[in-house]
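Visitor: I would like a quick walk through this model. Please keep the answers short and show the reasoning.

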Amino acid sequence: MQYEKERAAYIHAFIRTKQAMLREQLEGVAGDEMELKETFWDHVTVNFSNSHEIQETISSIKQQAELLHERERSGALIKKQMRTLRRLADSPYFGRIDLKIEGEDQAEPIYIGLASLMDENDSDFLIYDWRAPISSVYYDSEIGPVTYTAPAGTVKGVLENKRQYVFRRGELKAMFDTSLAIGDERLKESLSEGASRYMKTIVSTIQKEQNQAIRDEKSRYLVIQGVAGSGKTSVAMQRAAYLLFRHRSHIEANQLVLFSPNELFSSYVSTVLPELGEENMKQLTFRGYLYKRLGRVYEVEDGFAHLEYILGAAKGELYRTRMRSIAVKSGRAFKEKLDAFIEKLKEGGLFFKDIRFRKKTLIPKEDIETYFYCLDHGIPLQNRLRLTGEWLLKEIAKQEGKERSEAWVEKARELLDNETLLRTHWEVEKATANEEGFGTQERQEQLIAKQLVREAFEPLKKRIKALAFIDSEKLYEQFLFDDCHRDTEGFAAVALWSSSEISKKRMPYEDATPFLYLQDRIKGLQVDRSIKHVFIDEAQDYTHFQLVYMQMLYPAAHFTIVGDVSQTLYFHGPNQTGLIGGDEADVKYMAFYKSYRSTEAIIRFAREMLPNPEEIIPFERPGDVPVLVKGTSRQALIKPVKEWVEQMGERGYRTVAVIVKTAKEANDVHAQLSEWLDIQLVAKDHHEYKEGAVVLPVYLAKGIEFDAVGVFDASASHYASSQERYHLYTACTRAMDHLTVFAAGEWSPWLKPIPSHLYEEKQALS
Ligand SMILES: Nc1ncnc2c1ncn2[C@@H]1O[C@H](COP(=O)(O)OP(=O)(O)OP(=O)(O)O)[C@@H](O)[C@H]1O
């Protein structure tokens, strides 16, 4: 311990000295920068007398700007180093391995921390970054022979010792030697710290299976099925940090995208990368993407509104049609049918729109169809459309000429306000710079008319260039009524319902992706090749179609796809290809079975709701058994829930959640509880929540966690269907330390089989 204390003190002092040095350097750079800005023009010779002098002026400005830029760059670099040191000052390292590399005489101690730190000569590592190749030994190996992969190849050696450290405000507080991969004690301690508004980093306690996922670089698609609380999101975030470190010369944070289930979740994970010293990646929601693409024309059904409908609507004929619609349209077979339909369009069946201008049809859709289908059928669809577009633009140009003599043009010319007149004049002058005769009144009028018509045709040309002359809506409708669905039971009603909705400019959630897919396959999708890696969390909540669509959107990206089929929210059923489609050779599947978030008692209880409980391995962290509270009615439960929230606060829990099924229910329960308590209501447009007590629907609690969870109300009338079983399971597994389940009347059938020794039952008194 003495040696370690001395070393820790040495590192502490070293960091302090380095910080002081950097501060001084930064002041110097800032001073230079200021001076350069102030004297910028003193060093520039401005002379515009001839082209040679202009050139000289430009190059002296460039030289000064480059000098300034260089200073700014060094300033930014110093600031980055200072940020790293600030993080290391608090806790410089968390682990050490004593590794004897094959061929060397003795073991070398390797200290591992959040970032690398070099000695004063920049020749030796005082601390190795946790992402360095050698650091993987710390996470993966037990004492004994080891191998790890370095850039130069496989390295063999013997791991002689492994140590963990606990620092508080830069001071070494404790250390443990461990023979296991990563000892349980540190992990237990870290998990006992409780939940917070923002996700924490896990680098000091990454588990072996998690490390393998974080460092996997071979597969194009890494798919992780992991039980609730097994660290999937944590792995995704640390993996992003790992990839940014390993490929720092050619990948930047803005080339990584994370698809989150909702904005609350986005905010929850937003601090992980900055804490690891990296910039945040882009965060999107698929709902947001659909809205961006279709929201201008359609009222796109939001994924959560869709859920609210399914959970709350009356179960009549329309409901059954809707459920069929969701199940069919999310599946692989539906996509295959759509692909076949698109294939057939090469020969015929594409729908076009008339090209219209000021209520006149300039080119009827039949002419467009004839032109399109007269083009060589060997030319790909998209190219034929482009050729058709070019032809249309030429035709339009002819019409544009004719249009200039129309009465509206003259009227428009007479009504031009001064500003527009001036602008039009300017445009005309620009366009006819070399033309003689601009000065005559008649010629001016002609030119202005030409300009006015050109401007009026501009939006039309733009739409033609965007291939908007294809009638996507009609085409999708045609597909819905296509004969290919004849073997799908009840699909006629589904087709009728969907097409009626879409014609009213309402886009059902389950139609939005197939609709976009059809449109994009025909017109060509604006793909984003700059994105190198896509992370999809809660992947079980995406349909097969949506996942395939994301692959299309980011053709140059690798994908990390994490999810848990037992936490499926939507009613589309499990993804029929595991979690993703695609070439199996490119996919690596991993499974996490150990659950870290909740206490052992909570997991033992919650897993009984699932078909194969023994597949979930609880982490041995002690805690009370869950409590089941039964009341006579929902109203009778409000007071016990209120008392429960108060009790949780008294116990010192900082995050306490009352989880309900729907937003409507959240509103009701919140309205009643807030008469007595300071409690927040979390809705779908919330981007953040404060610590304390909250009420929220289960779909907004996805991916996040709370110290204490109260589930309201787990009665048979509420959580009955096989899908609701997963909602209930998801709600219960949000709890880290304490779980109470309230029910008005009969228990949900999914709770009934749970052995009674796994919980404590109480009657609500009021
Ligand atoms: N190796 C680890 N060290 C410390 N804490 C960990 C580790 N792995 C997971 N955790 C903690 O367990 C909790 C659950 O992790 P995370 O949210 O990443 O799991 P998940 O599999 O995405 O969960 P879910 O699917 O239930 O939302 C978090 O508090 C996380 O910090």
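Guide: One term first: two strands pair if DSSP finds at least two bridges between them. This is a predicted model. With that rule in hand, take strand E1, residues 95-101. Five bridges join E1 to strand E2, residues 108-113, and the two run antiparallel. In E2, the bridge partner of Ile97 is Ile110.

Visitor: Which residue stands opposite Ile97 in E6?

Guide: E1 also pairs with strand E6, residues 153-168. Seven bridges join them, in antiparallel fashion. Opposite Ile97 in E6 stands Lys162.

Visitor: How many of the seven residues of E1 are buried?

Guide: Buried means under 20% relative accessible area. By that cut-off strand E1 is mostly covered. The count of buried residues in E1 is six.

Visitor: Which residue takes a positive phi in the hairpin of E1 and E2?

Guide: Six residues lie between the two strands of this hairpin. One residue there has phi near 95 degrees. That residue is Gly103.

Visitor: What is the overall make-up of the protein, and what percentage of its residues count as buried?

Guide: The secondary structure comes to 25 helices and 26 strands. The C-alpha atoms fill a box of roughly 95 × 80 × 55 Å along the principal axes. Of the 766 residues, the buried share is 53%.

Visitor: Is the ring pair of Tyr289 and Tyr549 stacked, tilted or edge-to-face?

Guide: The structure holds 33 aromatic pairs. In this one the ring centres lie 5.9 Å apart and the planes meet at 50 degrees. Stacked needs planes under 30 degrees apart, and edge-to-face needs over 60. The pair of Tyr289 and Tyr549 is therefore tilted.

Visitor: How many residues apart are Tyr289 and Tyr549?

Guide: Tyr289 sits in helix H9, residues 286-294, and Tyr549 in helix H21, residues 544-553. The pair links distant parts of the chain. The separation is 260 residues.

Visitor: Are Tyr289 and Tyr549 buried or exposed?

Guide: Tyr289 has a relative accessible area of 11%. For Tyr549 the value is 0%. The cut-off is under 20%, so Tyr289 is buried, and Tyr549 is likewise buried.

Visitor: What kind of aromatic pair do Phe605 and Tyr759 form?

Guide: Phe605 lies in helix H22, residues 600-606. Tyr759 lies in the loop between strands E25 and E26, so the pair ties together parts 154 residues apart in sequence. Phe605 is buried at 0% relative accessibility, and Tyr759 is buried at 16%. Their centres are 6.1 Å apart with 80 degrees between the planes, which makes the pair edge-to-face.

Visitor: Which residue lies over the face of Trp676?

Guide: Charges over rings turn up here. Arg248 lies over the face of Phe245, at 4.4 Å from the ring centre. Over Trp676 the distance to the ring centre is 5.5 Å, and the residue is Lys642.

Visitor: What percentage of the ligand's accessible area does the protein cover?

Guide: Of the 25 residues around the ligand, Thr205, Lys232, Ser234, Glu705 and Arg734 come nearest. Polar side-chain atoms of Gln210 and Thr233 also reach it: Gln210 lies 2.8 Å from a ligand nitrogen atom, and Thr233 lies 2.8 Å from a ligand oxygen atom. A backbone N or O atom of Gly229 lies 2.9 Å from an oxygen atom of the ligand. On its own the ligand has 630 Å² of accessible area, and the protein covers 98%.

Visitor: Which helices give two or more residues to the shell around the ligand?

Guide: Two elements meet that mark. One spans 184-192 and the other 232-246. They are helices H4 and H6.

Visitor: Where is the cis peptide bond that leads to Asp713?

Guide: Asp713 is found in the loop between strand E24 and helix H25. Omega of the bond is near -5 degrees. The cis bond runs from Phe712 to Asp713.

Visitor: Is Lys359 buried or exposed?

Guide: Lys359 is found in the loop between E12 and E13. Its phi is near 65 degrees, positive in a residue other than glycine. Arg358 is found in that loop too, with phi near 45 degrees. At 78% relative accessibility, against a cut-off of over 50%, Lys359 counts as exposed.

Definitions and conventions:
Residues are numbered from 1 along each chain as its sequence is written. This is a predicted model: local features need pLDDT of at least 70, side-chain atom pairs count only at pLDDT 80 or more; totals for chains, interfaces and linings use all residues. Side-chain values use heavy atoms; hydrogens and water are left out. Buried means under 20% relative accessible area, exposed over 50%, partly exposed in between (1.4 Å probe, protein chains only). Helices (H or I, at least four residues) and strands (E, at least two) are DSSP runs, numbered from the N terminus. Rings of Phe, Tyr and Trp (its six-membered ring) pair if their centres lie within 6.5 Å; planes under 30 degrees apart count as stacked, over 60 as edge-to-face and the rest as tilted. A charge sits over a ring if NZ of Lys or CZ of Arg is within 6 Å of the ring centre and within 35 degrees of the ring normal. A residue is near a molecule or strand if one of its heavy atoms lies within 4 Å of it. A polar contact is a pair of N or O atoms within 3.5 Å; within protein, one must be able to donate a hydrogen and the other to accept it, and residues adjacent in sequence count only if both atoms are side-chain atoms. Accessible areas come from the Shrake-Rupley method with a 1.4 Å probe; for residues, only the protein chains shown count as cover.
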